[in-house]
Every structure is written in structure tokens, then in C-alpha cells.
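Student: I am new to this one, and I would like to get to know it step by step. Could you show it to me and then take my questions?

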Amino acid sequence: RVLVAAMGHPGTPWKAKVVGAMVIAYAASPIDLIPDFIPVVGYLDDAVIVPAGIWLVRRMIPAAVLAECRAKVDATPPAGGIWKWAGAGVIGAIWVGAAAFAAWWAWGRWG
């Protein structure tokens, strides 16, 4: 969250914004440099590239900007709240509905 806040801060250098956007995009992307199905190395790229990118971006952002963004993030509660639980309820209802439909279909077919 601090890194995302720093990307929108006017005191962050543009080079840090570009590298930060690339790190955030890589971390959020389902496509990896090395596919995860390759044993050990597939997960190792995520364990090395993302922390190294975060370390690089933190070094590129001025300390005052980073401290200001950290204070801003600490003062704001994390997103979610009631909407997080409502979303979980919707997903749960979809799973229950899918299970009920599968049971109904199986009962009619083999029952």
C-alpha cells in the first residue's frame, strides 16, 4: 500500500514511478517470467524479482516522500470492511448454488 501511495505522490521521481509500476504490474500479473509449474525455479523468480524490485523502488524514492506516504497509509484503514464480507457472501452463495445444482443434476441423472 505504501508503494502504491508513493506512485501517486508528486514528490516521487518519474523513474521511480516507472519502475514501481512495473513491479506492481509484475506482482499482480498472472503471467510470470518463469512459469510456476517448473519445480523450484518457477516460484523462485517471484521470491526474488518482486522483493528486489520493491527494494530498488524504495531506494529511488526520497526518504521524506516515503515517510509521508507511510504515515498516510497508517492513518487510513485498509479497504474492505463490510464490502469485503459482502463479497465473500456472494462468492459463498455462488459456491452453494453450484453445489446444489450439481446435486440436483446428479440426483435426476442417477437417482
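Below, a student asks about this predicted model and a tutor replies.

Student: Let's start with the overall build. How many helices and how many strands does the protein chain have?

Tutor: Happy to begin there. Read from the N terminus, the elements run α-α-α-α-α. The secondary structure therefore comes to zero strands and five helices.

Student: Is the protein chain spread out or a compact globule?

Tutor: We can compare two numbers. For 111 residues the globule rule gives 13 Å, while the radius of gyration is 21 Å, well over that value. The C-alpha atoms fill a box of roughly 70 × 40 × 20 Å along the principal axes. Because the radius of gyration is well over the rule, the chain counts as more spread out than a compact globule.

Student: What share of the residues counts as buried?

Tutor: Here a residue is called buried when its relative accessible area is under 20%. The accessible surface of the chain comes to about 8,400 Å², and 75% of it belongs to carbon and sulfur atoms. Of the 111 residues, the buried share is 20%.

Student: Which residues have the most contacts inside the largest nonpolar core?

Tutor: In soluble globular proteins, nonpolar side chains tend to be buried together. In this model, the largest nonpolar core has 13 residues. At least two of its residues come from each of α1, α2 and α4 (63-75). Those with the most contacts inside the core are Leu3, Ala6, Met7, Val57, Ile61 and Cys69.

Student: Let me look at one of those. Is isoleucine 61 buried or exposed?

Tutor: Isoleucine 61 sits in the loop between α3 and α4. Beyond four places in sequence, it touches Leu3, Ala6, Met7, Thr12, Ala16 and Leu66. Its relative accessible area is 5%, so isoleucine 61 is buried.

Student: How many Å apart in space are isoleucine 61 and threonine 12, C-alpha to C-alpha?

Tutor: Threonine 12 belongs to the loop between α1 and α2, and it is buried, with a relative accessible area of 5%. Besides Ile61, its contacts beyond four places in sequence are Ala6, Met7, Lys17 and Val65. Along the sequence, isoleucine 61 and threonine 12 are 49 residues apart, but in space their C-alpha distance is 5.8 Å.

Student: The loop between α1 and α2 sounds interesting. Does histidine 9 count as buried or exposed?

Tutor: Histidine 9 lies in that loop. Leaving aside neighbours within four places in sequence, histidine 9 is in contact with Lys17, Val65, Glu68 and Cys69. With a relative accessibility of 14%, and the cut-off being under 20%, histidine 9 counts as buried.

Student: And glycine 8: buried or exposed?

Tutor: Glycine 8 is also placed in the loop between α1 (2-7) and α2. Its C-alpha atom is separated by 11 Å from that of glycine 20, which is 12 residues away along the chain. A relative accessible area of 59% is over the 50% cut-off, so glycine 8 is exposed.

Student: One last thing, about the surface. Which residues make the nonpolar surface patch of about 360 Å²?

Tutor: One member is leucine 33, found in the loop between α2 (14-28) and α3 (41-60). Leucine 33 has a relative accessible area of 63%, so it is exposed. The full patch is made by Leu33, Leu44, Val48 and Ile49.

Terms used:
Residues numbered from 1 in each chain as written. Predicted model: local features only at pLDDT ≥ 70, side-chain atom pairs only at ≥ 80, totals over all residues. Heavy atoms only, no water. Patch = residues over 30% accessible without salt bridge, like charges linked within 9 Å, V, L, I, M, F, W, Y side chains within 5 Å. Areas by Shrake-Rupley, 256 points an atom, 1.4 Å probe, with all protein chains shown as cover. Salt bridge = Lys/Arg side-chain N within 4 Å of Asp/Glu carboxyl O. Helix = DSSP H or I, 4+ residues; strand = E, 2+ residues; numbered from the N terminus. Buried < 20%, exposed > 50% of the residue type's maximum accessible area, 1.4 Å probe, protein only. Rg over C-alpha atoms; globule rule 2.2 N^0.38 Å. Core = buried A, V, L, I, M, F, W, Y, C linked by side-chain atoms within 4.5 Å. Contact = heavy atoms within 4.5 Å.
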